[in-house]
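Reader: I'd like to learn how to read a model like this one. Can we go through it feature by feature?

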Amino acid sequence: MEPKLSQPGTVSVHGPGDPIADWFNRLHLRATCKITDPAKTFHSFRHLFAYVAERSGLSDARIARLTGHSTGSSILRRHYIQPSSLQERAEDVSKIKFPELNIQRTTKGCFDQYFMRVKALDARKERNKLKGKK
């Protein structure tokens, strides 16, 4: 089930990438990754990328070019500054450093107390539901 790009002349309200974003949100984030928070979407990655790129020292103009945004219109941009090449953009991306994610291993049984609590609460809800039916 791959996403279909918009047909020429049929751009979505939110732009040509909307079908891909919908596909990614529905089938990858929600179904595969089990991320159900509606605030977490395909677009969230663009925000994270821009944030980390800025913290890695890239200029606003470079970040705008990498994320597909306009870099503005000025005499400099229109007449003197050439758009960055694919090689230059690749070099910019290689400068971006994401923080290391350090996930510690869990020990067997470390969540047992939590699971027992949830099981007890579920049992209580079920008992209360049965009492209400009588």
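Author: Sure, and let's start with a term we'll need: buried means under 20% relative accessible area, exposed over 50%, and partly exposed in between. Glu54 is a handy case: its relative accessible area is 36%, so Glu54 is partly exposed. Keep in mind that this is a predicted model.

Reader: Which residue does Glu54 meet in a salt bridge?

Author: The partner is Arg55, with N and O 2.2 Å apart. Arg55 counts as exposed because its relative accessibility is 56%.

Reader: Before more details, what is the mean pLDDT of the protein?

Author: The general idea is that where pLDDT is low, the predicted coordinates should not be read in detail. Here the mean is 83, and 87% of the residues reach 70 or more. Among the elements, helix α5 (residues 86-95) has the highest mean, 94. The lowest, 78, belongs to helix α4 (residues 75-80).

Reader: How many helices and strands does the protein have?

Author: There are 6 helices and 0 strands. Reading from the N terminus, the order is α-α-α-α-α-α.

Reader: And how much of the protein is buried?

Author: Of the 134 residues, 11% are buried. The protein exposes about 11600 Å², and carbon and sulfur atoms supply 58% of that area.

Reader: Which residues make up the largest nonpolar core?

Author: First the general idea: in soluble globular proteins, nonpolar side chains tend to be buried together. In this model the largest nonpolar core has 5 residues: Val52, Ala53, Leu58, Ile63 and Ile96. Take Ala53 as a way in. Setting aside neighbours within four places in sequence, Ala53 is in contact with Leu58, Ile63 and Ile96.

Reader: What about nonpolar side chains on the surface: which residues make a patch there?

Author: Phe45, Leu48, Tyr51 and Phe98 make a nonpolar surface patch of about 430 Å². Tyr51 sits in helix α2 (residues 42-55). With a relative accessible area of 46%, Tyr51 falls between the cut-offs of 20% and 50%, so Tyr51 is partly exposed.

Reader: Back to charges. How many salt bridges does a search of the whole structure find?

Author: The search finds 4. When you read one, check the atom distance, then where the partners sit along the chain, then how exposed each partner is. Try Asp92 and Arg62, whose side chains meet in a salt bridge at 2.9 Å, N to O. This pair links distant parts of the chain: Asp92 is in helix α5 and Arg62 in helix α3 (residues 60-66), 30 residues apart.

Reader: Is Asp92 buried or exposed?

Author: Asp92 counts as buried, because its relative accessibility is 3%, under the 20% cut-off. Arg62, on the other side of the bridge, is partly exposed at 29%. Leaving out neighbours within four places in sequence, Asp92 is in contact with Leu58, Arg62 and Leu66. Leu58 should ring a bell, as it belongs to the largest nonpolar core.

Reader: How far apart are the closest N and O atoms of Glu126 and Lys129?

Author: They are 4.0 Å apart, and the two residues form a salt bridge. Glu126 and Lys129 are 3 residues apart in helix α6 (residues 112-133), so about one helical turn separates them. Glu126 is partly exposed, with a relative accessible area of 39%. Lys129 is partly exposed too, at 48%. Elsewhere, salt bridges that share partners join Arg62, Asp92 and Lys95 into one network.

Reader: What share of the contacts with a separation of 6 or more comes from residues 24 or more positions apart?

Author: Those residues account for 30% of such contacts. For a feel of separation along the chain against distance in space, look at Asp18 and His43: they are 25 residues apart along the chain, and their C-alpha atoms are separated by 10.0 Å. Asp18 lies in helix α1 (residues 18-32). Its relative accessible area is 17%, so Asp18 is buried.

Reader: One backbone item to finish: what is phi of Lys34 near?

Author: Phi of Lys34 is near 65°, a positive value in a residue other than glycine. Lys34 is in the loop between α1 and α2. The side of the scale is clear as well: at 59% relative accessible area, Lys34 is exposed.

Conventions. Residues numbered from 1 in each chain as written. Predicted model: local features only at pLDDT ≥ 70, side-chain atom pairs only at ≥ 80, totals over all residues. Heavy atoms only, no water. pLDDT = per-residue confidence, 0-100. Helix = DSSP H or I, 4+ residues; strand = E, 2+ residues; numbered from the N terminus. Core = buried A, V, L, I, M, F, W, Y, C linked by side-chain atoms within 4.5 Å. Buried < 20%, exposed > 50% of the residue type's maximum accessible area, 1.4 Å probe, protein only. Contact = heavy atoms within 4.5 Å. Patch = residues over 30% accessible without salt bridge, like charges linked within 9 Å, V, L, I, M, F, W, Y side chains within 5 Å. Areas by Shrake-Rupley, 256 points an atom, 1.4 Å probe, with all protein chains shown as cover.
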